[in-house]
Amino acid sequence: MLLLAFVVMCVAPLSVAAATGLADRVTGSDDVETAEGSRSPAGDGAKGAGGSGAAGDDGVEHGEETSASGTGSGGGRRSPPPTGMADVPPSSTTTTEAAPPATDGTTVPPQAPSPPPPPPTTAVIVVSPTDQVVILVNAARAAAATPCPPVTVDPRLTAAAQGHSDDMAARNYFGHTTPEGVTFDQRIKAAGYPSPGAENIAKGQRSAQQVMNDWMGSEGHRRNIENCSLTTIGVGLNSTAWTWTQNFGY
């Protein structure tokens, strides 16, 4: 099963993002969590195949890779053999003579030709799936009905997102709150980021394009992605369990 879930922080003024379709939690309904710890009814989306959680529609896998090529070349030159001009008295004609031999009796060897230039080289740059997600997020924000500036990657949000993806994979759970009750905003603050904003999670999608298609197809997740108040992002992926986390910050 491909699974999706999202949660958004409330700040003053309070903003709540909701999603659809994730299975009910302990209270019988999904929730949107805030920095103050309050909860309001909302839903999380789920779709795709693989992992555990609520059933949904199958997704189509897509992959992306960006590469760039560069060329380099070297070169050399051939120096002309030494020549000399002999002095002659003024006259109507001038003659050119070969350079005299070395006075010490040695012979000057001819210069070896310069080596040919090396062949061009091609460098391939591979973009990671998490970096692809950031690229796709900023493309979606630019194409939104109300275009938003691009989000920038913050290493603290990245650390929080990667830690949550790895923890969900290691302990086989799927949710914004850990089994011990640690919420997404607590995890982000523990990573050193002071202003948590929102979180999207997913499970089972095998490419950045597929997980973004699923998130953009869910109202709540899409609202987080297109929220112009959110300015930073961190993305985590555990490719063993294919657990994805997006953490956003103000």
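Student: Which residue does a disulfide join to C148?

Tutor: In this predicted model, the count of disulfides comes to 1. A disulfide is a covalent bond between the sulfur atoms of two cysteines. The two sulfur atoms here lie 1.8 Å apart, and the cysteine joined to C148 is C228.

Student: How many residues apart along the chain are C148 and C228?

Tutor: C148 sits in the loop between α1 (129–143) and β4 (152–153). C228 belongs to the loop between α5 (219–225) and β6. The pair therefore links distant parts of the chain, and the separation is 80 residues.

Student: Is the link of C148 and C228 left-handed or right-handed?

Tutor: The handedness is read from the angle about the S-S bond. That angle is -80° for C148 and C228, and the link is left-handed.

Student: Is C228 buried, partly exposed or exposed?

Tutor: Its partner C148 has a relative accessible area of 7% and is buried. A residue is buried under 20% and exposed over 50%. C228 has a relative accessibility of 32%, which lies in between, so C228 is partly exposed.

Student: What separates the C-alpha atoms of A144 and I225?

Tutor: A144 is also found in the loop between α1 and β4, and at 9% relative accessibility A144 is buried. A144 and I225 are 81 residues apart along the chain. The distance between their C-alpha atoms is 9.7 Å.

Student: How many helices and strands does the protein have?

Tutor: From the N terminus on, the order of elements is β-β-β-α-β-α-α-β-α-α-β-β. The secondary structure comes to 5 helices and 7 strands.

Student: How far apart are the end C-alpha atoms of helix α2, and what span should its 17 residues have?

Tutor: Helix α2 covers residues 155–171. The expected span is 1.5 Å times one less than the number of residues. For the 17 residues of α2 this gives 24 Å, which agrees with the distance between the end C-alpha atoms, 24 Å.

Student: Why are the buried residues of α2 placed on the same side of the helix?

Tutor: The buried residues of α2 are L157, A160, A161, H164, S165 and M168. They are on the same side of α2 because, around the axis, they cover an arc of only 130°.

Student: Which residues are exposed on the other side of α2?

Tutor: The buried residues of α2 have a cover that includes α3 (184–190), β5 (196–203), β6 (232–238) and β7 (243–249). On the other side of the helix, the exposed residues are P155 and A170.

Student: Which backbone nitrogen does a side-chain oxygen of D154 reach at the start of α2?

Tutor: At the start of α2, the side chain of D154 provides an oxygen for this approach. The oxygen comes to within 2.8 Å of a backbone nitrogen, that of R156.

Student: Which backbone oxygen does the side chain of Q162 reach?

Tutor: Q162 has its place in helix α2 and is partly exposed, with a relative accessible area of 25%. Leaving aside residues up to four places away in sequence, Q162 touches G236, L237 and N238. At 2.9 Å, its side chain reaches the backbone oxygen of L237.

Student: What is the phi of N172, the residue that follows α2?

Tutor: Most residues other than glycine have a negative phi. N172, in the loop between α2 and α3, is not a glycine, yet its phi is positive. N172 is exposed, at 56% relative accessibility. Its phi is near 55°.

Student: Is W242 buried or exposed?

Tutor: W242 lies in the loop between β6 and β7, and its phi is positive, about 55°, although W242 is not a glycine. Its relative accessible area is 18%; as this is under 20%, W242 is buried.

Student: How many of the 9 residues of helix α4 are buried?

Tutor: Helix α4 (residues 208–216) is mostly covered. Its buried residues are A208, Q209, Q210, V211, M212, D214, W215 and M216. The number buried is 8 of 9.

Student: Over which residues does pLDDT stay under 50?

Tutor: The average pLDDT of the protein is 73, and 57% of the residues score at least 70. In one stretch pLDDT stays under 50, and the model has 193 contacts beyond four places in sequence for that stretch. The stretch is residues 10–91.

Key:
Residues are numbered from 1 along each chain as its sequence is written. Side-chain values use heavy atoms; hydrogens and water are left out. Helices (H or I, at least four residues) and strands (E, at least two) are DSSP runs, numbered from the N terminus. Buried means under 20% relative accessible area, exposed over 50%, partly exposed in between (1.4 Å probe, protein chains only). The arc is that of the directions from the helix axis to the C-beta atoms. Contact means heavy atoms within 4.5 Å. A polar contact is a pair of N or O atoms within 3.5 Å; within protein, one must be able to donate a hydrogen and the other to accept it, and residues adjacent in sequence count only if both atoms are side-chain atoms. pLDDT is the predictor's confidence in each residue, from 0 to 100. A disulfide is a pair of cysteine sulfur atoms within 2.5 Å.
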